[in-house]
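I sat down with this one to look up the fold, the core and the side-chain pairings. My notes are below, in the order I took them.

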Amino acid sequence: MMLFGKISQQLCGLKKLPWSRDSRYFWGWLNAVFNKVDHDRIRDVGPDRAASEWLLRCGAMVRYHGQQRWQKDYNHLPTGPLDKYKIQAIDATDSCIMSIGFDHMGKSSTIMGNSGDLQ
């Protein structure tokens, strides 16, 4: 999975290629694939874990309540009880998240609570 994460970050950061007029459609399609919502996964692991996986897959970073360190690597997501790690902050700078992926967050009051909690 580490290779996938590095490749996705590189692909999300690429601009339109000069040799292809249709490259923006390809990158738009690829970003849409990364942002596709898996409702079964949300049901199985909860909105915080599903949102963390989605955000990291798209090149963003997350920080959990009670932790000072930003989570950047999909392969090092914390393990343990699903309700233990709640997202406190999101840094989506230079990521490829799209609004179609916001359903990963579900209706979690932790994630969608106060807009001041999210950066």
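These entries go from the overall layout to single residues.

**Entry 1: layout**

I noted to myself that this is a predicted model. I started with the secondary structure and found 5 helices and 2 strands in the protein chain. Read from the N terminus, the order is α-α-α-α-β-β-α. I then looked up burial: of the 119 residues, 37% count as buried. The accessible surface comes to about 7700 Å², and carbon and sulfur atoms hold 54% of that. For contacts, I took those in the chain with a separation of 6 or more; residues 24 or more positions apart account for 60% of them.

**Entry 2: helix α4**

How many residues of α4 are buried? I get 9 of its 11, so I wrote down the helix, residues 47-57, as mostly covered under the 20% limit for buried. The buried set is Asp48, Ala50, Ala51, Ser52, Glu53, Trp54, Leu55, Leu56 and Arg57. Charged residues are on that list, including Asp48, Glu53 and Arg57, and I come back to two of them below. Just after the helix, Gly59 has a positive phi of about 95 degrees.

**Entry 3: the core**

Next I pulled up the largest nonpolar core, which has 15 residues. Leu55, Val62, Tyr64, Ile87 and Ile90 touch the most other members. At least two residues each come from α4, β1 (61-64) and β2. Which element gives the most to this core? That is α4, with 4 residues.

**Entry 4: aromatic pairs**

Searching the whole structure, I found 2 aromatic pairs. Trp54 and Phe102 make an edge-to-face pair, 6.0 Å centre to centre with 80 degrees between the planes. Trp54 sits in α4 and Phe102 in the loop between β2 and α5, so the pair ties together parts 48 residues apart in sequence. I checked cover on both sides: Trp54 is buried at 0% relative accessible area, whereas Phe102 is partly exposed at 44%.

The other pair I wrote down is Tyr64 with Tyr85. Their ring centres are 5.7 Å apart and the planes stand at 65 degrees, so this pair is edge-to-face. Tyr64 is in strand β1 and Tyr85 in the loop between β1 and β2, so parts 21 residues apart in sequence are tied together. Tyr64 counts as buried at 3% relative accessibility. Tyr85 is also buried, at 19%, which I flagged because the limit for buried is under 20%.

**Entry 5: salt bridges**

I counted 5 salt bridges. Asp48 pairs with Lys86, with the closest N and O atoms 3.6 Å apart. This one links distant parts of the chain, from Asp48 in helix α4 to Lys86 in the loop between β1 and β2, 38 residues away. Is Asp48 buried or exposed? Asp48 is buried, with a relative accessible area of 3%, while Lys86 is partly exposed at 28%.

Within α4, Arg49 and Glu53 meet in a salt bridge at 2.9 Å, N to O. They are 4 residues apart in the helix, about one helical turn. I jotted the usual reminder: an α-helix has 3.6 residues a turn, so residues three or four places apart point the same way. Arg49 counts as partly exposed at 24%, and Glu53 counts as buried at 5%.

Salt bridges with shared partners also join Asp40, Arg43 and Asp44 into one network. In the Asp44 and Arg43 bridge, N to O is 3.7 Å. Here Asp44 is partly exposed at 48% relative accessibility, and Arg43 is exposed at 59%.

**Entry 6: cysteines and an odd backbone angle**

I looked for disulfides and got 0. Cys58 is in none, and the nearest cysteine sulfur, that of Cys96, is 4.0 Å away. Why doesn't that pair count as a disulfide? The sulfurs would have to be within 2.5 Å, so 4.0 Å misses the cut-off. Cys58 itself is buried, at 1% relative accessibility.

Last, the backbone: Asp94 has a phi near 60 degrees, a positive value in a residue other than glycine. Asp94 belongs to the loop between β2 (87-91) and α5 (109-112), and at 73% relative accessible area Asp94 is exposed.

Note on methods:
Residues numbered from 1 in each chain as written. Predicted model: local features only at pLDDT ≥ 70, side-chain atom pairs only at ≥ 80, totals over all residues. Heavy atoms only, no water. Buried < 20%, exposed > 50% of the residue type's maximum accessible area, 1.4 Å probe, protein only. Contact = heavy atoms within 4.5 Å. Areas by Shrake-Rupley, 256 points an atom, 1.4 Å probe, with all protein chains shown as cover. Core = buried A, V, L, I, M, F, W, Y, C linked by side-chain atoms within 4.5 Å. Phe/Tyr/Trp six-rings, centres within 6.5 Å; stacked < 30°, edge-to-face > 60°. Salt bridge = Lys/Arg side-chain N within 4 Å of Asp/Glu carboxyl O.
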